[in-house]
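Student: Please take me closely through the sheets of this structure, together with what lies against them. I am new to this structure and would welcome a connected account.

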Amino acid sequence: MLWSGWGDPAKAAALPEPLRELLRDMLGVRAPQTPAASFGEVRLAPVALSPLVLAELRAVVGDGHVRSDDDARIRHTRGKSTPDLMRMRAGDGSDAPDAVVLPGSHAEVTELLRLCAAHRVAVVPFGGGTSVVGGLVATRRGFAGVVALDLARLNRLISVDAESMTAEMEPGLRTPQAEQLLATRGLTLGHFPQSYEYATLGGFAAARSSGQASAGYGRFDDMVVGMTVATSRGTLDLGRAPKSAAGPDLRQVILGSEGAFGVITSLRLRIRRAPTRRIYEGWRFASFAAGSAALRRLAQEGPVPTVLRLSDETETMIGLARPGELGGLAADAGCLAIAGYEGSEEVTALRERAAAVLSESGGVHLGTGPGESWAHGRYSAPYLRDSLLAAGATVETLETAGFWSNLPRLYDAVRLSLRASLGSPLVMCHISHVYGTGASLYFTVVTAQSGDPLTQWEAAKRSAGEAIVRAGGTISHHHGVGRDHREAYTAEIGELGVEILRGIKDRLDPRGILNPGVLIAEGR
Ligand SMILES: Cc1cc2nc3c(=O)[nH]c(=O)nc-3n(C[C@H](O)[C@H](O)[C@H](O)COP(=O)(O)OP(=O)(O)OC[C@H]3O[C@@H](n4cnc5c(N)ncnc54)[C@H](O)[C@@H]3O)c2cc1C
């Protein structure tokens, strides 16, 4: 993973010249004056942990599994939001942990938590490091240091229960590894977020992730049937039946807790038979409203495809353009929906029934071309972000969800807010996940960088968050809260809601060492 950007450096995407011209002409994008910092130029504070604490950490996990070298510290600094990348590009390593610790078992995690609590060292559970909400930055104030607890060594498929269709897996497994292990038995998890290549199972559970095929396979929190959690007070073993009436479901307390309550050390996950057939196709709708109505009908009356998403007019126009054809964009491209079907024989019937609903709702079938093209490029967009940043454009995404009846209001509120903050940015949106009662909206924003692009974006993001709260949406459908959404989350659940979370944290993490400042404000 690139330390100041996204993904495999070999897959870096160059900015096509026509796109560069379009950005200049349409948004006034100009190359930034200051070049990005090199790895050696990143400014790091000296390691704050004492040699004694480092020695005690080593005694738990072994010498090679505690690292405090610059390379390890820089690669565990923050996550992968655009502000995170901007800070790294500016050489700002101020949020780097003092050490990276790699436990190899649940027992080691428990012992590390005990030790860190005793020495008052903050602990940041670290999965794939792909958080886009500031979920990997701990408050230092009041702590003897900060440790990144990298779960990469907890990467086993422990067991498969083929009768119940569940698999017990460790949290450090990245999605491709997890899928490979399951594929040897003809199984799949069916979780395909855009961060697929790097994000981990533990991170998905901790941040309530949702994948691109969630219409069919469900969100990640729907897949979790059980889990083991190491806390400063001992172990929680949760989930002994698919559903239960035995009181509140404590699994839900850990899902979305973003490392602030405990460390997930194993997950029991619902699995599916790996599909033998996959078909993705495109549909055109006259407008976003018409397309939304069609998706709502499918979500409410069925049948629901495995993948279902709808781009608004702007996203359709930009997305349909090939780089060489950018000058000749059709303004009346309408709105593109992608419907995908994964399964076996049942795919044909499912597709026919869904197609009937989509055409009755005004959709025009575009064949498999747009669907294949979407499937081919589904993980490539983040690679373009690095080139856009280098070219002087800020590009970032934000997302929300709401009930169907409120979705148009939410859509307008976010767009208006971004325009008010940024002048004339390019704002694209798609419905990324659908439910019977509502859907999520996923926005991509591109704007020319000001002299201080970080402050410019943070102000715009804050206003967009306030607009979301005012318009009755949730501050996040699948990215989580982290530090960046904390205020909006407080507005969403109220002070009493925050008090409940604080009470839970105080019980599970009395010294407040777990991810201080993430999810809820630290201290009292
Ligand atoms: C380019 C890009 C595309 C993305 N696309 C999607 C998408 O399509 N869908 C989506 O849902 N999200 C997406 N995300 C966001 C991100 O990938 C998710 O939030 C993901 O769940 C994070 O997983 P991770 O393993 O990287 O966790 P990390 O980023 O390492 O951690 C996320 C949070 O969980 C905590 N944590 C991690 N592991 C554990 C554990 N074992 N126990 C307790 N706490 C833990 C961390 O402390 C942190 O607060 C995207 C991010 C990027 C950069």
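Tutor: The account below takes the sheets in turn and then moves to the ligand.

This is a predicted model, in which local features need pLDDT of at least 70 and side-chain atom pairs count only at pLDDT 80 or more, while totals for chains, interfaces and linings use all residues. Residues are numbered from 1 along each chain as its sequence is written, and side-chain values use heavy atoms, with hydrogens and water left out.

One open sheet consists of five strands in the order E5-E6-E10-E8-E9, with antiparallel pairing. Helices (H or I, at least four residues) and strands (E, at least two) are DSSP runs numbered from the N terminus, and two strands pair if DSSP finds at least two bridges between them. At the edges stand strand E5 (157–161) and strand E9 (234–238), each of which pairs on one side only. From one strand to the next, the twist averages 10 degrees; axes are lines fitted to C-alpha atoms, for helices over the stretch in contact, and angles run from 0 to 180 degrees between N-to-C directions.

Following the order of the strands, E5 is joined to strand E6 (residues 166–169) by four bridges, and these two strands run antiparallel. Aspartate 161 has threonine 166 in E6 as its bridge partner. The hairpin of E5 and E6 has four residues between the strands, and methionine 165 in this hairpin takes a positive phi near 60 degrees. Most residues other than glycine have a negative phi. Four bridges then link E6 with E10, again in an antiparallel arrangement, and glutamate 168 stands opposite arginine 268 in E10. Towards the other edge, strand E8 (residues 224–231) and E9 run antiparallel and are joined by five bridges. Here methionine 227 has leucine 238 in E9 as its bridge partner.

Helix H5 (residues 106–119) packs on this sheet and touches E8, E9 and E10, where contact means heavy atoms within 4.5 Å. The direction of H5 makes about 45 degrees with that of E8. In the loop between H5 and E3 lies arginine 120, whose phi is near 50 degrees, a positive value in a residue other than glycine.

A second sheet deserves separate attention. Seven strands form this open sheet in the order E15-E12-E14-E13-E17-E18-E16, and the pairing is antiparallel. Strand E15 (364–367) and strand E16 (393–403) are at the edges with a single partner strand each, so one side of each is left without a neighbour in the sheet. In this sheet the twist averages 25 degrees from one strand to the next.

Beginning at the E15 edge, three bridges pair E12 with E15 in the antiparallel sense, and arginine 284 stands opposite valine 364 in E15. Strand E12 (residues 277–285) is also paired with strand E14 (residues 335–343), in the antiparallel sense over nine bridges. Opposite phenylalanine 285 stands cysteine 335 in E14.

Two helices lie across strands of this sheet. Helix H14 (residues 369–376) lies across E12, E13, E14 and E15, and runs at about 115 degrees to E12. Helix H11 (residues 288–301) lies across E12, strand E13 (307–311), E14, strand E17 (426–434) and strand E18 (438–448), and its direction is at about 165 degrees to E13. The loop between H11 and E13 holds proline 303. Glycine 302 and proline 303 are joined by a cis peptide bond, with omega about -5 degrees. Most peptide bonds are trans.

The ligand brings E10 back into view. A backbone N or O atom of glutamine 194 lies 2.8 Å from an oxygen atom of the ligand, and a polar side-chain atom of threonine 130 lies 2.6 Å from an oxygen atom of the ligand; a polar contact with the ligand is a pair of N or O atoms within 3.5 Å. Taken alone the ligand exposes 970 Å², of which the protein buries 97%, with accessible areas from the Shrake-Rupley method and a 1.4 Å probe. The elements that give two or more residues to the shell around the ligand are strand E3 (122–126), helix H7 (201–206) and strand E10 (263–270), where a residue is near the ligand if one of its heavy atoms lies within 4 Å of it. H7 provides the largest share of that shell, four residues.

Technical notes. Polar contact = N/O pair within 3.5 Å; in protein donor to acceptor, adjacent residues only side chain to side chain.
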